[in-house]
Amino acid sequence: MSYRIDVLLFNKFETLDVFGPVEIFGNLQDDFELNFISSDGGLVESSQKVRVETSLYTRDENIEKILFVPGGSGTREKVNDDNFINFIGNMVKESKYIISVCTGSALLSKAGILNGKRATTNKRSFKWVTEQNEDVLWVKEARWVKDGNIYTSSGVSAGIDMTLGFIEDLIGKEKALEISRSIEYFWNEDSNYDPFSKIYG
């Protein structure tokens, strides 16, 4: 089965949150089509001044969709943008899987998508993120968390580990290991291994 990954970008997104996972998905072009989107389309700039051309979101009932939401300092503004939060909520209804990295889970939680579900986030920003919605079962110690069709990860590089875990669940462990070797990345396969929760605890 082929999936379209709607990578939701906004100004001041975290570069590695996006392009770590994109590197992995890009190794599976027969399975995943990368689609960079934003609420208004056009150029979007990361916190590191990387500029990405984005499209508008399009509904397509003939393809399975995955919504990918990164974190970054821009989430601090976006959690209070009702139109943006509603935009996420509407896309979630049409997505088979929902994936967030780092503080991207703050945006999902604000939209009510994580209510009653287990989720995690960047441990350095844990207090701020968890304050956005207390109806989420926030997991303090986890590299990433899977609850049904929703995957959330800890900070920045944790998104790479989570994406490989997602590939393992969808396609198989051998494929995840093959990709990690091809990009010379030591995959942390244990979703519960989270030394940063202690560092920032």
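**Close-up views of salt bridges in a predicted model**

Glu-131, at 45% relative accessibility, counts as partly exposed in this predicted model, and the legends below describe its salt bridge together with others from the structure, which holds 12 salt bridges.

**View A. A salt bridge within helix 5 joins Lys-127 and Glu-131.** The side chains of Lys-127 and Glu-131 meet with an N to O distance of 2.6 Å. Because the two residues stand four apart in helix 5, which covers residues 126-131, about one helical turn separates Lys-127 from Glu-131. Lys-127 counts as exposed at 61% relative accessibility, whereas Glu-131 counts as partly exposed at 45%.

**View B. Lys-12 and Glu-77 form a salt bridge between separate parts of the sequence.** The closest N and O atoms of Lys-12 and Glu-77 are 3.5 Å apart. Lys-12 belongs to the loop between strand 1 (3-8) and helix 1 (15-25), while Glu-77 belongs to helix 2 (residues 75-78), so the pair ties together parts that lie 65 residues apart in sequence. Lys-12 is partly exposed, with a relative accessibility of 41%, and Glu-77 is exposed, with a relative accessible area of 51%, a value that falls just on the exposed side because the category begins over 50%.

**View C. Glu-45, Lys-49 and Arg-51 are linked in a network of salt bridges.** Within this network, the side chains of Arg-51 and Glu-45 meet at 3.7 Å, taken from N to O. Arg-51 is exposed, with a relative accessible area of 56%, whereas Glu-45 is partly exposed, with a relative accessible area of 27%.

Key:
Residues numbered from 1 in each chain as written. Predicted model: local features only at pLDDT ≥ 70, side-chain atom pairs only at ≥ 80, totals over all residues. Heavy atoms only, no water. Salt bridge = Lys/Arg side-chain N within 4 Å of Asp/Glu carboxyl O. Buried < 20%, exposed > 50% of the residue type's maximum accessible area, 1.4 Å probe, protein only.
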